[in-house]
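Q: Please take a close look at one interface in this model and describe how the two sides meet. Set it beside the other interface on the shared chain.

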Amino acid sequence: MNQTTRRYCAVVLAACAVGAAAVLIPSLGDAAGGGHAEEPQATRGPTLVAASVCEAQRLKARKADDSRLSIEIPKEFDKPWPSLSACESHDAAWDEDADGPMQPIPFSHAHHAGEFEIDCQYCHSATDRSRAAGMPSVEVCMGCHQMFPAEYDELEGIRILKQYWAEKQPIAWQQIHRLPEHVKFRHNRHIQAGVDCQQCHGPVEEIDKMHMVPDTKWWFYGLPTAKLEMGWCIECHRDNNQQATQDCVTCHH
Amino acid sequence: MPDLDRRDFLKLVGLGAGTATAAGCSDPIEKLVPYVVQPEEITPGIATVYASTCRECEAACGLHVSTREGRPIKLEGNPEHPINRGRLCARGQVGIGRTYHPDRYEGPRADGQATTWDDAEARLLAAVQANPGGTWVLGASRGPTIDGIIDAVVAGGGLGGRVVYQPFDGSALRAATEAVFGVAATPQFDLSGADLVLDFDSGFLDTGLSPVENAAQFAAARDIARHPDGGARLVTIGPRLTMTGSNAESWIPAAAGSEGALALALARAVASKRGVVDAALDAAIAKAPALSAAATAADVDLASLEQLVDAIAHAHAVVALPPNPAAAGTNAVAANAAVLLLNAVAGSVGSGVKIPRGPDPRAAAPYAEVQALVDAMNAGQVSVLIVHDANPQYSLPSASGFSAALEKVGLVASLASLVDETSVEAALVLPDHTPLESWGDAEPRAGVRSLVQPTIRPLHDTRAIGDVFLVLGRGLGVSVPSGTTRDIVAANWGGGASFRAALVRGGSFSESSAGHASVETGAAGAIGAASQFSGSGDYTLIAYPHSYLGDGSGAALPWMQEIPDPVTKLSWRSWAEISKTTAERLGVKFGDVVRIDTGNGAIEAPVYPRGGIRDDAVAVAIGQGHTVGHYASMAGDGSPGVARGANVAALLPAATDEGGGRAWLATRASLTKSGAFQRVALSQWFDNQRGRGLARQVSLLALAGGHDDDHEGPHVIEQPFERANDAAPGDPYRWGLTIDNDRCTGCSACIAACYVENNVPIVGETNAIKHREMNWIRIERYIGDGDTEGGEERRPHPDREVLGGEVDVRFAAMLCQHCGSAPCESVCPVIATYHTPDGLNAMIYNRCVGTRYCANNCVYKVRRFNYFDYGYDNWPGLLSLMLNPDVTVRGQGVMEKCSFCVQRIQLARQPAKDEGRDIRDGEIVTACQQSCPTDAITFGNTRDAKAAVNTRVDERRSYYSLHMLNTRPGITYLAQVKRVSEESHS
Amino acid sequence: MTPPPPATAVADMAQSSPAFQDSKINRDILNPTRYVSLPWLGLLLLAVLGVGQAVFSLGYQTYVGLGVAGYQAPVFWAVYIITFVFWIGIGHAGTLISAILFLFRAKWRNAINRGAEAMTVFAVLTAALFPLIHIGRLWKFYFLIPYPNQRGLWVNFKSPLLWDVFAINTYMTISIVFFYVGLIPDIAVARDRSTGLKRVIYAILCLGWQGTSGQWKAHTRTVLHLSGLATPLVLSVHSVVSWDFAMSIIPGWHATIFAPYFVAGAIFGGFAMVLTVMIPSRRIFGLEAYITDYHFENMSRFILFTSWIVGYAYGMEYFIAWYSGVEAEQTSFFLRAFGPYWVSTWIMISANCIFPQLLWFKKLRTHVPTLFVLSVIINIGMWFERYVIIITSTSRDFIPGAWGLYIPSPVELSILAGSFCWFAMFFLLFIKFFPIIAITEVKELAIHEKYGGAH
């Protein structure tokens, strides 16, 4: 019952989010270094000077779009990385107005799982063995990131990560996909059964700031059931031509 | 937990029930906090198991500690360990609670104020340096390594000395062994080969030298499958029917303290029957009293003794177990020596009774030494007293004057990890780790070295006792080994590979061939003394060790308080056991309070009249009456500090036996009715099964297929149906249980295991009084087949025991039977309980609305209701950290019951499914089965003909509980075997 | 049964003109609704206070947990279920009087049927609360209702408790409709004789009743059909309730006799309750002219009759327990009479079987004070009947090792008291605002008396 209410809340929040997005997209453009509004002046206007590598990357990108643009990139900012996508996803993952809670680190799934196609289980390594998917330890993050050149420290997320590592502090992530305590979900069973992560977690590889992607299944008698509600699980277990169990005690014990 | 969490919120809106839906958005956001560096052996959601050692008693059983995300959540026996062979007793099971206990010291304290370790240790060092000679260490043995450290510091630092204090110092037995066999060691008793066991009030099944080990041996010796004749008979000799005695065939109710004389007389009588070649032995038993004299002294009828003599003479392997420390009086050495001589006469030395080659490594000091220290304290000769692993303030008799002496000590430093009566008196508290947090080892007997390793990072700012002494030693300039306790343990275990091997195995086990020894010529000197009783009363005061509380250290653990005592089924309090005759004489009924006065002090306790105790005795369990502690005190679930029950140790005189050991059984007491009435938590009111066949018995004759004349009921109990049928047709499984009542000793280890495994809450005394215990498995105790008498009483209590003679106590574990046609399932309006395809009677807590119809309709009365929000309220402090994450914590207002450990079934499915096979037999072991010392419980798939659960079913004994109701239970009971035969008849 | 002697008052009216007689009856009967009498106000105040404290207790119980009630294993059902069965039973007499006696054209019912119907409705409203008060998770009560939900879960149609849910709701609906339909013409009368806001409200409630012959035709037919619908409920509802126990396996519950046994008991207790409420209200509002000893006598006959049925059931339970040869049954019944709960058992037997025998004497049947005392005794007895059935059976069942005793807790008693106040509150409000006697039916009777007398 409170599930339904949560669904309503979700709808309302989503509506707000859409509205907010509509208002903010232009300002986003500005944040990205010069919106379309500046476009005409840019053609003859003053030379745009990059103040950071990320800005340089963006200017380069725009230059690539229209050659008339005159840009100047100081030596120290003329670096191959952080790459444009890194900068973009970094900012996107910390966009306060996007769905989902603010995380201690602007980690972009789109960047890691999408662009670089890092396998989900590289970080969530227990998924195929254990009930819990497992969150990567700081060590796992640093495994790659300490090999990265210093320029990456321009990104605040990287700096925070390295700080955690230096202080040997764990990162307290906000949980997004949460089941009640009386539900004993097993990741390994579903992985073994060949269920894609996306079926429950949504198109993670396209999401910068992680949030729950709403999904609704419909009972034959026309009652909706939202993601991570019991009916939503059951529907899948039924469709699955009786492959999956429907025994209550499988999940409730 | 926030002040108003979702549950409470729901409750509030539940009042205007219509709006309950508004709760949706109030789910708290949880945080996911992964490791910084994840240890490779740890996977979230998968248990990691470490081998360690149980420190709850001196037996030192091996442990397998299963941890989840770095938290120990369950203790199980280490199968490789020679002492317990994978089993564990109730006390061992709940030992895990100490680590998360609300009573723990969170850091060092000085003069009642929290302080830093540097400061605390500086204070201690300064005080010791001021007067090393006046510094004494008082505490129990902590195993070779740590004892070694302490001794090194004591010796090297020129300290006054160390007194190894254990309330039950086994010194009498040790002295007796030295006198008889010339070795000052504790003999090792092996019952596995015995065909006659004489229990001189030894309590070997619950409070003896090594309960788990002996219980397993006892069960093996009686295994009806291997011994068609019924195997070992047990004769118990003592003033009171103990839990051990309840398993006996016959009971000779000898007067308290007369066991020694009796044993000696028996030895002589048997010797004269058999003839003994050993001259020394002859000499030793020469001046033994005649059987008749002994019978008079012990106030038992001669015939029963003569039968016993015959039995011993005809038996092949007799093992006589000496009285436990609390059961022996001022003649304890003589009594123990007499029992050892009886063994010698019976020729069981070397087989049933193994005498170690060398003396015990670090034996507890006899009580006399403790008294000497107390006197020194009184004389002001002790400036610093370091107390560790002991609670003398509680366990020493008030007559010893310890508490007064404590005042005179300059600095009292306590190394307790849980608050106790002594540590609250201490000016300096340097809290120790709990066993699950610390390094150490134990050597229960020569050749068996067991390792203690930490399984969790210390939860509080505590420091290992070894490290404290190392710091102290270095401060005193003693040349102690470098490094921490861990390094020294590692070094003592050979370091490197051998240490790692020991870590994996839990120790190094090479049973030395401890064995035969011949009787010393001077043995006669030890015997003959008679027991002396101080005090003037008409009743002998029997202060016996409680099955779970031990010397009182168990009282802090709520499970040990709540699980009912196996014999009386009482919990949460002290009670005074008196005979029915005595009760009539005093004009008291069950629950009426009497005053017990010994001249050394007086206590008040509600009486429990029973047939199982002599008229001239009153028995009170040791272990209650604490004045501090969250669970140990708090009588009536009140506030801490209100003593729960009474401390009987305070009543005892500071008496010693011939060897200077502490004599517990040394005073008489007078009883007076106080007029008050005390409601007591009695979990079972009736021990009369009214002939309903709940706990059945089959005579040997019937087993042999002969005619069963002295016992009604069919020989082969018919099988009304096949339990394997009660599951989905296609399903490979129908889970079931086979419980062998013949092996069940009533020790309740299964209950404790279930509590810990399944997050079963403690309800406390006030609710226990109302029969609201939540235990999923209980052990019912019936006497005989019963008749249709009784049940009308306003104040009912068990009343069918008789004094002496044939013992017919039936223990029957009662838990959810997972009926094939369960009465509870059909009546649940919301299908919160239903039958799974694999034949479980499942209970879905989050679907339950709490109509309690199922509980009414359950004919076995095994369903438990959450009357309060136990899930949140009953895990104070850090106790909630020990909750099993695989088991839902039940909320207020839902029903719960035994689930056959369904979480373990689900766990076992994982590998089976991955490998595309069925679950193998033995892959699933329920918590109760795992713990049972006598292996009475077998779980398995009844559809697998070769599964142990089926193969162990013995058609001649198997029956279903209340099968006439056609509930088609999934649990098959195997009837107890009636072994009473002419020689043990009386 | 003796033919109804012409009620004196009715005979008088028969002499005078219809108009006047009409108005006299109206005046007499609507009298209570005119002014606020102090005793009435005092009683109402008491009732409201009683309900208030019960609500507080319920809140406490819901928040802290059911442990505040006196449950002790193995007794998992107690005062709440007892009281639930008690009130359901009370309701039956009303339906019997208003439906069955209507179909049998028993004229003596006319004076009491309105009060009885009201009592039914309020009793059912009271009873319906108790299953909710009883359950452990009040805030999950909706699990008990079969409705399509996102969980895809349904209720267990095998469970007698679910049958209860249906039985109670049906009974509540029918009783309320029946009560209301019967009320319409009288509300119209009240409307005509009232002014201002009251008039408006009455006008809405009486659905524009004009007393045209067409409306009368429809009305009579509706009442007829509703009685037809209500009649089986008299038997079915309490049978279903009895199955809560009969379908169970507990010794003392598992009996085939339960359905008729409970129905008889319900009517027995129900009639007693009718007396308990009618006697005082007749006194307070001076309706002696309409509710006469003649009515009381007939009800007494009914009570005497049903008392014998109940007594037979008690006896038969014991006989079957002995005859079955099942030790558990025999023990259960032996301990019922001589065990820890012997007091409640003997209260039940004496109040339900022995005292009613006084009604053999016509003097006592028509002696109002005696009837009142007796009716109260019977109500107590019927409550204890359920107490005995539920508590003694569960406290001494199959596992002697698990036997226990039960003592009600203050919280339970306060909610029990609250239920009576709740009932009284409704009834007091009812007699204040609606005619306690069916005006139209009394008029009918009067007119019969006038033209040609009884038939």
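**The contact of chain C with chain A**

A: Chain C and chain A together bury about 820 Å², with 58% of that area on carbon and sulfur atoms; buried area is the accessible area (1.4 Å probe) that two parts lose on being put together, summed over both. On the chain C side, C:Pro148, C:Gln150 and C:Arg151 provide 60% of the area buried against chain A, more than any other three residues. Eight residues of chain C and eleven residues of chain A take part in the contact, where contact means heavy atoms within 4.5 Å.

This is a predicted model, in which local features need pLDDT of at least 70, side-chain atom pairs count only at pLDDT 80 or more, and totals for chains, interfaces and linings use all residues. Residues are numbered from 1 along each chain as its sequence is written, chains are lettered from A and ligands numbered from 1 in the order in which they are written, and side-chain values use heavy atoms, with hydrogens and water left out. Chain A averages a pLDDT (the predictor's confidence in each residue, from 0 to 100) of 81, and 81% of its residues score at least 70.

Between chain C and chain A there are zero salt bridges, a salt bridge being a side-chain nitrogen of Lys or Arg within 4 Å of a carboxyl oxygen of Asp or Glu. Two residue pairs are in polar contact across this interface, both residues at pLDDT 80 or more. A polar contact is a pair of N or O atoms within 3.5 Å; within protein, one must be able to donate a hydrogen and the other to accept it, and residues adjacent in sequence count only if both atoms are side-chain atoms.

The side chains of A:Thr225 and C:Gln150 are joined by a polar contact of 3.4 Å. A:Thr225 lies in strand β5 (residues 224-226) of chain A; strands (E, at least two residues) are DSSP runs, numbered from the N terminus. The side chain of A:Thr225 also reaches the backbone nitrogen of A:Trp232, at 2.9 Å. A:Thr225 has a relative accessible area of 0%, so it counts as buried (under 20% relative accessible area, 1.4 Å probe, protein chains only).

Chain C also meets chain B, and there the two bury about 5400 Å², 59% of it on carbon and sulfur atoms. That contact takes 65 residues from chain C and 66 residues from chain B. Three salt bridges cross it; B:Arg690 forms a salt bridge with C:Glu327, with the closest N and O atoms 3.3 Å apart.

Terms used: Helices (H or I, at least four residues) and strands (E, at least two) are DSSP runs, numbered from the N terminus. Buried means under 20% relative accessible area, exposed over 50%, partly exposed in between (1.4 Å probe, protein chains only).
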